[in-house]
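The following exercises lead the reader through selected strands, helices and a pocket. Please examine the sequence and the structure before attempting each solution.

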Amino acid sequence: MTAFESLHEIILTTDAEFNNPFWDVRASAQFTSPTGKTVHVEGFYAGKQQWRIRFVPREPGTWSYSATLTTPPHFAPHSAEIYAAEQGNFTCPPANSPFTIHHSPLLPHGYLRPSRLNPYRLEYEDRTPFYGVGVQTTGPINPDLDGPPLPTPPISPDSPRGRFVSAAEWCDAFKGAVNLSRIQFGQGIIAGHAQPIIPPKTFGKASNARQSTNRKYAQICMYDAPDRYDLELAAELDEVYKLHRGAGMSEILVFMQDMSAFDEQQTAFGKSYDTVNYKSPSAASMIYQEKYIRYIVARYAAFVDIWEIFNEDAYASPEYLACLHKIIRDADPYRHIISSNFSLYDDPSCEIIMPHEYVSIPATEVDAYLAKQIAAYKSFNKPIQYTEFGNKACLSNVDPDKWRIVLWTAYMNEVGILYWSMSCYHSVPKPGSTANANAYLGPDSRRHFRIFHKLTAELPQDMRPRMTHPGWVPFRSWALGNKNVTILYIHHYEDHATSYIYPPSVSKGLAVETSPGTFTATWTDPATGEEMMPPQTLTTRARLLIVPLPPITIDAVCLLKREAL
């Protein structure tokens, strides 16, 4: 069985000619579940006189469907012409979990949803915990991977410096290390490495535009009519999403990329500062925006978990975001999570908080800073998933210890992390620079991420923060626990080169809030996955457990499991 046999796809064809096959004809289907529920799914034009309808069923058993290719209602509200029709049925395999809505190779645990047990976390539909470790690359079709140190000459006169590989090779490298990917779509915009589904007009072929990395180009070029989409690029992204899903990655898709928080750009829908003719529910371009959104949802909703309306926007009003939120919600048959970056965190259109952070802080201090930021975001009582994290260019992008500390700090503070990868090369620190260096996620980081997943995969989401008391020693510590299991993370922030041994004269160990009982304590080095000392049996009759510490150079993880009575 392939990873996508559970994705049911209907293909409708016709010999009829249309001026604009994206607009002048509509493909749609009505799916009926084994229990009689109906789901309406829109289709999309895929080129070569083909319209496709993609659907992932939500119940096990036999489904039936009726699909049509017709004149859109706004063209012929009373007598729509039918160009093609198809009826049939198919079988959705049974679930292997009492909580599973749908079990399949495509979605072994379902889509992501807000956790039922923890207001700050996400989980899969079958209630499997999701602890997000994400990545965004310089481009999903030919992503960056394990590039060389700089300076190094360009690969060719037409190519930038660094190393880029196929999406398949990249997935092989990150499988098991990353469980979340983010891809930005642009409306003629390629700045920020967006994928221009609405292609720029200046270049005759969109593929040429996609290879450009010139930010100024994205600000000055003109655009084709915003009612036609790059089918070559869209098909390439189809395959990328299949590869990502096959590698166990959930997906964030960004509809709009104009980064208006930082500068003004011309998009296919208008200038990014324009709150009248672009970012307004009554904008003249709203008909184009809605059609674009519905096309993206029809084509990619089967692969996506989270819709991100804008990337780094500062001009969209609550009314405008509510308008786009409704368009997405009406078009999406799976009710995926919807939010926006630099959104209004207390607004209903923001269902999950998605911060960005690029820091000029060394690894020894990044955990304290990150924990402080997270505390502010948690005041909104919503799930939190960072969607960009990296270094400022005054620091190198290569710092695997820092990326590990960031990951564990985020997890212990109940949020997910996603790094903007710039792994095509090792960057050189530029003193005083405020530009972004992003993050180099090489073999060391991928090993650290896999160790993280191994240590946390079976831990429940109802673990909540517990108090720790490290004493007067150079450690920062966090704990999560419930009545049966507690996990500790210790960071030796004073010196990453010399092991620190807890002085017996100070205390017998670190005190952590648990409850009376006997526990087995297992210490693991999060950099190597190796045990740091033999497992210990610890007992307390109070609400505090004293945990002896091994020598710690950078950081350490301790799992405390209550022994059966």
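**Exercise 1.** In the hairpin of β2 and β3, determine which residue takes a positive phi.

*Solution.* The hairpin of β2 and β3 has five residues between its strands, and G36 is the residue with a positive phi, near 90°. The model is predicted: local features need pLDDT of at least 70, side-chain atom pairs count only at pLDDT 80 or more, and totals for chains, interfaces and linings use all residues. Residues are numbered from 1 along each chain as its sequence is written, and side-chain values use heavy atoms, with hydrogens and water left out. Helices (H or I, at least four residues) and strands (E, at least two) are DSSP runs, numbered from the N terminus.

**Exercise 2.** Follow the pairing from β3 through β2 and β6 to β7.

*Solution.* Two strands pair if DSSP finds at least two bridges between them.
- Step 1: β2 pairs with strand β3 (residues 38–42) in the antiparallel sense over five bridges; Q30 has H40 of β3 as its bridge partner.
- Step 2: Strand β2 (residues 26–32) also pairs with strand β6 (residues 61–70), antiparallel, over seven bridges. The bridge partner of F31 is Y65 in β6.
- Step 3: β6 and strand β7 (residues 82–92) are antiparallel over 10 bridges, and W63 has F90 of β7 as its bridge partner.

**Exercise 3.** Give the strand order of the open sheet that contains β1, and explain why one side of β1 is left without a neighbour.

*Solution.*
- Step 1: The order is β1-β5-β4, with antiparallel pairing.
- Step 2: β1 (8–13) and β4 (44–47) stand at the edges with a single partner strand each, so one side of each has no neighbour in the sheet.
- Step 3: Neighbouring strands of this sheet are turned by 35° against each other on average, direction ignored. Axes are lines fitted to C-alpha atoms, for helices over the stretch in contact, and angles run from 0 to 180 degrees between N-to-C directions.
- Step 4: Six bridges join β1 to strand β5 (residues 50–55), and E9 stands opposite R54 in β5.
- Step 5: Helix α5 (residues 286–300) packs on the sheet, touching β4 and β5, and its direction makes about 75° with that of β4. Contact means heavy atoms within 4.5 Å.

**Exercise 4.** Describe how α7 and α8 pack.

*Solution.* Two packed helices are described by the angle between their axes and the distance between the axes.
- Step 1: Helix α7 (residues 366–377) and helix α8 (residues 400–412) pack at an angle of about 35°, and their axes are 9 Å apart.
- Step 2: From α7, the contact uses V366, D367, L370, A371 and I374; from α8, K402, I405, V406, T409 and A410.
- Step 3: By class, the contact has seven nonpolar, one polar and two charged residues. Ala, Val, Leu, Ile, Met, Phe, Trp, Tyr, Cys and Pro count as nonpolar, Asp, Glu, Lys and Arg as charged, and the others, Gly among them, as polar.

**Exercise 5.** Locate the bridge partner of E123 and state the order of its sheet.

*Solution.*
- Step 1: An open sheet of three strands has the order β8-β9-β10, with antiparallel pairing.
- Step 2: β8 (112–114) and β10 stand at the edges, each with a single partner strand, so one side of each lacks a neighbour in the sheet.
- Step 3: Two bridges join β9 to β10; the bridge partner of E123 is P129 in β10.
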